[in-house]
Structures are given as structure tokens and as C-alpha cells.
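Please open the structure in your viewer and keep the selection panel at hand. The tour below goes from stop to stop, saying what to select next and what is to be found there.

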Amino acid sequence: MQTAVGTTSVAAVVELKSSASHRSLRPAQYRQQQRRSFSVPTNRDGPGLSPSHSVKKAKTFHLSWRCMRLKATGDSGSPSDDQTKAPESAAGGSLSDIPEASQDAATIPRQQRQGPGRQVAYIVTFTALLGVCGIDPSPFRGGINVIGGATFLAGFIASLAGSLLSCHLFLPVLQRLKAGQVVRSDGPQSHISQKTGTPTMGGIFFIPVPVVTALVLSGFAADVAAVGVTMMCFAAIGLIDDWKKLTKQSSGGLRSSFKLALQVAVGCAFSVWVHLNSPESAMWTAIPLIATWQLPIGPLYWALSVFAMAAESNGVNLTDGLDGLAASTSIFAFLGLAAAIAPSAAPLALFCTCVAGALIGFLYHNHHPAALFMGDTGSLALGGGLGATAVAAGPSAILPLFIASLLFAFQSVSVILQVGYYKATKGPDGKGRRLFRMAPYHHHLELGGWSEVQVVRWFSTVGAILAVLAVVVTVV
């Protein structure tokens with residue numbers, strides 16, 4: 001009872017003091033003073049009160065926007081000592097350097113935060129639908145003899161619905177199995193608190209959907225079946241990698257050299273199949289460029305084919321570092337390649353369209369804040385499938401592949417430059433300088449103050465432009 005009286009008295013004194021001086025302040029200054037002054041002292045005697053009326057261990061009632069947000073999210077207690085510690089980031093900063101609003105967002109559970117990632121997902125979906133409706137392929141070479149984009153649109157929608165449904169049904173299974181992401185300790189420190197434990201290996205649920213859909217709609221075309229099997233082989237490599245990470249509870253799965261050897265082996269097997277089953281493959285000794293220019297490479301074409309599949313696989317894997325980043329950029333890469341090869345390889349263009357639709361369905365669960373990660377199961381499969389499609393379509397698809405997937409190449413190059421520059425500038429103490437704050441490049445932007453949604457939005461914009469350029473070079 002005494003505590004209540006003391007609290008009321010303190011509040012009255014503060015209110016009188018504030019009302020006496022607020023007329024000399026501007027409205028904004030008055031509101032700011034009210035937020036600072038309207039609080040009850042903790043573990044201290046109030047002004048003019050005796051020790052018997054002291055407020056012992058009373059909570060501080062800050063009438064500020066921050067407390068209103070915490071109350072809305074159901075946070076009923078003050079942060080603990082562990083929560084108030086500011087971990088240092090890889091760039092040398094800490095959470096104390098981040099504005100107050102960002103620190104509040106970091107303390108709110110991931111499932112309760114509402115980000116603009118859904119808007120990005122809707123924009124990507126709408127743009128992808130426009131791209132699919134614009135495809136006007138020639139008749140299939142042994143599939144369904146349909147001219148126009150109706151079959152493409154059907155495959156896109158069927159893959160979208162199938163991916164959306166499968167991820168929705170099996171996401172609780174991953175949660176019960178506690179198949180949560182293990183975040184690298186040398187990555188951005190904010191990811192450790194925000195992304196650790198998020199279900200991963202989502203590629204298991206959406207990768208088979210476009211493979212089956214494209215096979216059915218193409219009349220089980222041989223090249224679609226071969227690309228689909230190759231894509232599933234890359235998914236199997238990623239699945240083994242993800243499983244080792246989960247069982248060891250470590251961010252390190254398969255050894256990099258062993259994983260690369262498996263990717264090269266799958267690429268070689270697919271290249272041999274293409275060479276044996278394509279009568280015109282004996283003439284594939286040059287890569288068409290712009291207009292009538294060609295790049296003669298002779299038998300090195302097949303080495304380039306294997307390199308393309310392995311490089312694309314690792315490029316998408318490196319890009320999969322932010323919520324929705326790999327999925328949104330892959331959508332435009334597949335749509336750009338589909339539009340470029342549609343006149344000469346319609347079944348493979350249909351396969352790319354189905355993959356883009358499946359990625360839209362997955363992006364519903366993967367946009368920021370993500371409820372599901374694709375893991376290496378999805379990223380290795382996407383890159384391998386993208387490269388395999390271009391190899392099966394012939395030399396004319398190599399240049400469009402390179403342009404449409406230039407973002408993935410840039411991500412890989414940023415890692416190579418970072419590692420090379422660090423080793424080249426290493427001093428006697430064993431430490432070198434870094435070219436970027438962190439590699440891949442999207443982490444450099446993130447540590448520079450960009451939000452995840454900003455990075456995804458701009459990368460998607462660049463990916464859409466590159467997809468259009470990939471189509472333009474095929475008609476020039």
C-alpha cells in the first residue's frame with residue numbers, strides 16, 4: 001500500500017513539473033521531454049519522500065514507442081543480462097552501434113516479426129507471370145504439339161501450386177525432427193540469433209515438383225528426363241551435405257574438394273549422355289556470340305560444359321545467404337534462359353518455366369523472415385539444373401546462360417577475390433587485409449547497413465535486367 005502511494009506521489013510531482021514548463025517548449029520538444037521524464041525511479045527514494053515510502057525494486061515505466069512495441073508483441077519482462085550484451089560483429093561493430101529500432105527487432109522472436117519480404121515475393125511472382133505469358137515457343141519436338149504459352153503457363157501454375165502445398169505440408173515434419181539451420185560462426189553475427197534453428201533442407205520438397213511436372217507436360221521427352229535426373233543428382237549431393245551438418249551440429253558438411261569432385265562427376269556423366277544422344281553434338285566446336293561472331297574452342301566445349309554445371313551449382317549455393325535471395329534471383333535466371341532457348345528447345349524451356357514456378361511457391365515460405373531454407377539440397381540442384389539445361393540445349397544457350405546467371409558468377413568471383421587478396425596481403429603476423437567487409441558480396445552490403453530486403457530487392461532487379469539481356473542477345 002505504501003508503495004502505491006509513493007508511486008502516485010512521484011507521478012504527481014513529475015506531472016506538475018512537466019506542466020509548468022511545457023508551454024515554453026515546442027510540441028516536438030514537449031513530447032520528447034514527456035517520454036524522458038515520465039518514469040518512476042528504481043531503488044531510490046523519491047523527491048520529498050521519507051525512506052519508509054521508498055519505492056523498492058519498482059519497474060521503470062517508459063511511455064515510449066519502444067515499450068509500446070514490446071507490449072504489443074507480448075514481452076512482459078525486461079531484458080536479461082545475456083540479452084543486453086552486445087556481441088561483436090565480423091566487421092568489428094556491435095549491436096550497440098545499431099540504431100535502437102534495429103536492436104528492438106533483434107529481440108523480437110523471428111516468427112512474430114513482420115517484414116516487407118512478402119511484398120518482394122509478390123513483385124517477383126507478378127513479374128514471373130508476365131515473363132511466362134510472353135513465351136511463344138515453336139512446336140515441341142515429340143511432346144505435346146501446342147503453339148503458344150498455354151502449356152508453359154499450365155506448367156508454371158502447376159509447379160507453383162505443388163511446391164506451395166508440399167512445403168506447407170512437410171514444414172511441420174522438419175520442425176518435429178528439429179532439422180534446424182546451423183549458422184556459420186564467422187558469418188554476420190545477426191544471423192546467429194535470427195536464423196539459427198530455422199528448418200532447412202527445403203529443397204527436398206520443391207525440387208521434385210518441377211521435374212515431374214515438366215516430364216508429364218513434355219510427353220516424357222528424353223532431354224527433359226536427363227536434365228531432371230541430373231538436377232536430382234545435384235540435390236542428392238546437397239542432401240548429404242545438409243544431413244552431415246545436422247548430425248554433426250556444425251556448419252561444415254562435406255569437404256569442399258569431395259563435394260566438387262561429386263559435382264564434376266555428375267557433370268561429366270551428363271555431358272557424355274548429351275554427346276551420345278545428340279547427333280549434331282559432333283559439330284559443337286564453337287559458341288555463337290552476337291550477330292555472326294563465334295568463339296571456336298573445339299573439344300574444350302565439353303570441358304566448358306562440365307565447368308558450367310559445377311560453377312552454376314556453387315554460384316547459387318554462395319548466393320543462398322539471405323532470406324529469399326537465391327530463390328528470387330534463380331527465378332529470373334531460369335525465365336531468361338527459358339525465353340532464350342524456347343524457339344530451338346521448347347521442352348527444356350518448359351522445364352525452366354516449371355522450375356521458376358516451383359521457386360515462387362517456395363519463396364512464399366522463404367521470404368524475409370524465412371520460415372524455411374532450401375539448404376544445399378536446393379541451391380546445388382538449382383545451379384546444376386540451370387547449367388545442365390544450357391548444355392542440353394546446345395552451344396547457342398551458353399552465352400544466354402552466362403548473362404542470365406551473371407549474378408551467381410559475381411558472387412563466386414567476390415569470394416575468390418576476397419580469399420586471394422587476403423593471402424596476398426598477409427603479413428608476418430599471419431593476418432591480411434580484406435577487399436570486402438565480408439564475402440560473398442551480399443554480406444558486404446549487409447554489414448554496410450543494407451537490410452536483407454533491400455539486398456534481395458536490388459539483386460532481383462539486376463537479375464530481371466540480366467534475364468532480359470539474355471533474351472536480347474539471342475535475337476541480335
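## A guided tour

Begin with Met-201, whose place is in the loop between helix H8 (189–195) and H9. Keep in mind throughout that this is a predicted model. Met-201 has a positive phi of about 65° although it is not a glycine, and with a relative accessibility of 5% the residue counts as buried.

From there, step along the chain to Gly-203, which is found in helix H9 (residues 203–206) and which is buried as well, its relative accessible area being 2%. If you show the surroundings of Gly-203 and set aside residues up to four places away in sequence, the residues that it touches are Pro-208, Met-374, Thr-377 and Gly-378. Add Ala-381 to the selection and compare sequence with space: Gly-203 and Ala-381 are 178 residues apart in sequence, yet their C-alpha atoms are 8.0 Å apart.

Next select Phe-220, in the loop between helix H10 (208–217) and H11. Here is another residue that has a positive phi, of about 55°, although it is not a glycine. Is Phe-220 buried or exposed? With a relative accessible area of 58%, Phe-220 is exposed.

**The salt bridges**

Side chains of opposite charge can pair when their charged atoms come close. The count for this model comes to four salt bridges, and the next selections show some of them.

Select Lys-245 and Asp-241, which form a salt bridge whose closest N and O atoms are 3.7 Å apart. Because these two residues are four places apart in helix H11 (residues 222–248), about one helical turn separates them. Lys-245 has a relative accessible area of 17% and is buried, while Asp-241, at 1% relative accessibility, also counts as buried.

Keep Asp-241 selected and add Lys-259, since Asp-241 forms a salt bridge with Lys-259 too, here with the closest N and O atoms 3.1 Å apart. Asp-241 lies in helix H11 and Lys-259 in helix H12 (residues 256–277), so this pair ties together parts that are 18 residues apart in sequence. Lys-259 counts as buried, with a relative accessibility of 12%.

Now return to Lys-245 and add Asp-376, because the side chains of Lys-245 and Asp-376 meet in a salt bridge, with 3.2 Å from N to O. This pair links distant parts of the chain, as Lys-245 is in helix H11 and Asp-376 is in helix H16 (residues 375–393), 131 residues apart. Both Lys-245 and Asp-376 are buried. With Asp-241, Lys-245, Lys-259 and Asp-376 shown together, you are looking at one network, joined by salt bridges that share partners.

**Two cis peptide bonds**

Move to Pro-369, in the loop between helix H15 (346–366) and H16, and inspect the peptide bond that leads from His-368 to Pro-369, which is cis, with omega near -5°. Then go on to Pro-440, in the loop between H18 and helix H19 (441–447), where the peptide bond from Ala-439 to Pro-440 is likewise cis, with omega near 0°.

**Two helices and a residue between neighbours**

Two packed helices are described by the angle between their axes and the distance between the axes. Select helix H18 (residues 406–424) together with H20, and note that their axes come within 9 Å and cross at roughly 125°. H18 and H20 are therefore oblique to each other. To see the contact itself, show Leu-406, Leu-407 and Gln-411 of H18 with Phe-459, Val-462, Gly-463 and Leu-466 of H20.

Stay with Gln-411, which lies in helix H18 and is buried, with a relative accessible area of 0%. Apart from residues up to four places away in sequence, Gln-411 touches Leu-318, Thr-319, Leu-325, Pro-440, Tyr-441, His-442 and Phe-459.

**Last stop: a patch on the surface**

Finally, switch to a surface view and select Leu-289, Ile-290, Trp-293, Leu-295, Val-468, Val-472, Val-475 and Val-476, which make a nonpolar surface patch of about 770 Å². Which helix gives the largest share of the nonpolar patch? That share, three residues, comes from helix H20 (residues 452–475). Ile-290, another member of the patch, lies in the loop between strand E1 (286–288) and strand E2 (294–296), and with its relative accessibility of 39% Ile-290 counts as partly exposed.

Technical notes
Residues are numbered from 1 along each chain as its sequence is written. This is a predicted model: local features need pLDDT of at least 70, side-chain atom pairs count only at pLDDT 80 or more; totals for chains, interfaces and linings use all residues. Side-chain values use heavy atoms; hydrogens and water are left out. Patches are made of residues with over 30% relative accessible area and no salt bridge: like charges are joined within 9 Å, nonpolar side chains (Val, Leu, Ile, Met, Phe, Trp, Tyr) within 5 Å. Accessible areas come from the Shrake-Rupley method with a 1.4 Å probe; for residues, only the protein chains shown count as cover. Buried means under 20% relative accessible area, exposed over 50%, partly exposed in between (1.4 Å probe, protein chains only). Axes are lines fitted to C-alpha atoms, for helices over the stretch in contact, and angles run from 0 to 180 degrees between N-to-C directions. Angles under 35 degrees count as roughly parallel, over 145 as roughly antiparallel, 65 to 115 as roughly perpendicular and the rest as oblique. Contact means heavy atoms within 4.5 Å.
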